[in-house]
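Biologist: Thanks for sitting down with me. Could you show me the protein so we can talk it through together?

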Amino acid sequence: MAGSPCSFSTCPFLQIKVEEAKTSKSGFKQLVAGKEYTIGETLFAVDGLLVTSKEGWGCVACNDTRCMGWCDPYRYYFVELRSALLAVPKIAAETDTNPNVLRLAIKYVALKRFASQNSKLQDHLTNVFDLVNLRDSATEKKEDAAVAEKLYLNFPDSHKSLLTKEQLATLIGIFKTNTHEVGHMQGLGLFPVASLVSHSCFPNAVYETVGTKIFFTAISQIPAGTPITVSYINPHQPRADRREQLKNLFHFDCKCKRCHIDSRDHSRAFYCQACASKGLSPDEIGIVAPKGDGSNIADWICLKCGEGVQETLWKEMLAFEAELKETEVGMIKFNDLVNLRKIHPTHYLLCRALEYRVDLLAKIRPASCEKFILTLLAASESIYPPIHPQKAVYYDLLGQVRKMTGDLKGCKEALQEAVNIREKSCPRGSPVLLLAKQKNTNPEKVEISLWFPTMSM
């Protein structure tokens with residue numbers, strides 16, 4: 001993640017290039033488009049160098065759900081590390097470390113021993129240390145060293161010569177920095193070239209894992225020479241929160257167009273009271289979205305009438321927002337907020353409250369939840385690119401809710417919208433895309449799951 005100063009100077013994809021990041025002074029590299037890409041085009045796909053799943057999902061060696069340690073790779077290279085694998089849950093709990101990071105480290109050591117007979121694999125494993133390790137503060141280094149110490153104690157003597165404790169600590173930091181979630185396996189994967197993809201809070205690409213391969217798909221027009229970007233975090237947060245999270249996790253200051261000091265932050269939008277005082281209808285009232293972090297009263301201007309906010313009202317808005325932030329999400333009264341015409345539906349706190357209500361009430365009050373989901377879809381237009389998987393999630397939920405109310409025509413329309421978005425944001429053969437098409441083909445047989453996944457890209 002966040003680019004990498006690794007040794008890749010060329011990329012094994014015809015139309016993808018690796019370049020030095022122009023804004024970086026650290027020698028970071030990033031992937032850029034070698035040609036113009038249109039929405040829905042696959043940018044590239046690569047197999048994972050190291051992929052592991054959660055405990056109990058499948059074989060740690062071959063990642064096959066039908067194999068629980070019977071394959072040759074496990075018997076020859078992993079059985080000696082069984083004590084380390086058994087220690088993973090305890091070490092993870094004691095050090096607050098993702099257990100999949102520990103399993104990746106164990107898998108690296110197992111393959112390192114196997115690589116003595118395979119020079120190509122040996123080179124790939126050696127190049128892993130060329131990836132950037134952003135956990136370079138004294139505290140983070142100490143944490144990773146403590147994790148490495150506990151894990152190293154469970155290695156057999158025959159494997160301790162393959163890696164020093166210091167190298168193991170570095171490896172753990174590299175995995176924490178560069179891995180991607182492998183959703184269907186509830187695991188992690190190290191895809192070295194994919195770690196060169198940069199971040200943006202308004203990305204031009206998304207990724208999805210299918211098996212042990214990762215696919216990147218364009219969700220907007222990408223001109224030649226443009227960096228390929230995904231979102232490392234949930235983009236529906238205030239500018240200050242996003243930048244703080246990225247600084248803490250990845251040690252860089254985001255300079256994407258949504259984080260630009262002059263950009264309007266719709267995730268903190270309020271209704272314009274000046275427009276409301278003119279007797280305009282609810283749909284005609286303007287939006288007051290702060291510029292930058294909204295730390296000055298001059299940053300709060302209506303995007304429709306151009307009028308600023310009076311100081312008294314500005315302080316009331318900030319106090320109201322602070323109070324709402326401290327309120328438990330289940331206690332936020334959505335209907336009261338809408339009736340007050342105070343906070344705009346694109347505000348991140350209101351959207352969290354809406355998602356909570358959909359998750360809580362969909363099965364018992366589906367008719368009311370349809371209104372909530374439509375509000376979320378309208379809000380997503382200001383937060384996400386035109387094509388984005390999160391919108392497909394909302395349409396899928398809308399289809400399920402409409403089926404529960406007996407509106408099969410509306411159900412099919414919503415599911416078709418979900419399919420349209422998935423076709424432009426998922427690779428061919430994607431289980432998510434196939435499931436969306438299956439639901440749309442037989443809306444009468446749609447299983448009501450109302451699963452509300454958390455955003456991660």
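Biologist: What share of the contacts in the protein with a separation of 6 or more comes from residues 24 or more positions apart?

Modeller: Happy to help, and please keep in mind that this is a predicted model. The protein has 16 helices and twelve strands. Among its contacts with a separation of 6 or more, the share from residues 24 or more positions apart is 64%.

Biologist: Is helix α3 parallel, perpendicular or oblique to α7?

Modeller: Two packed helices are described by the angle between their axes and the distance between the axes. Here helix α3 (residues 99-114) packs on helix α7 (residues 165-178) at about 125°, and their axes are 10 Å apart. An angle of that size falls between 115 and 145 degrees, so α3 is oblique to α7.

Biologist: How many charged residues does the contact of α3 with α7 have?

Modeller: From α3 come V101, L104, A105 and Y108, while α7 brings L168, L171, I172, F175 and K176. Sorted by class, eight of the contact residues are nonpolar and none is polar. The number of charged residues is one.

Biologist: Which cysteine has the sulfur nearest to that of C275?

Modeller: A disulfide is a covalent bond between the sulfur atoms of two cysteines. A search of the whole structure turns up zero disulfides. C275 is in none, as the nearest cysteine sulfur is 3.7 Å away, beyond the 2.5 Å cut-off. That sulfur belongs to C272.

Biologist: Is C275 buried or exposed?

Modeller: Buried means under 20% relative accessible area. C275 has 2% relative accessibility, so C275 counts as buried.

Key: Residues numbered from 1 in each chain as written. Predicted model: local features only at pLDDT ≥ 70, side-chain atom pairs only at ≥ 80, totals over all residues. Heavy atoms only, no water. Axes fitted to C-alpha atoms, helices over the stretch in contact; angles between N-to-C directions. Helix = DSSP H or I, 4+ residues; strand = E, 2+ residues; numbered from the N terminus. Parallel < 35°, antiparallel > 145°, perpendicular 65-115°, else oblique. Contact = heavy atoms within 4.5 Å. Nonpolar A, V, L, I, M, F, W, Y, C, P; charged D, E, K, R; others polar. Buried < 20%, exposed > 50% of the residue type's maximum accessible area, 1.4 Å probe, protein only.
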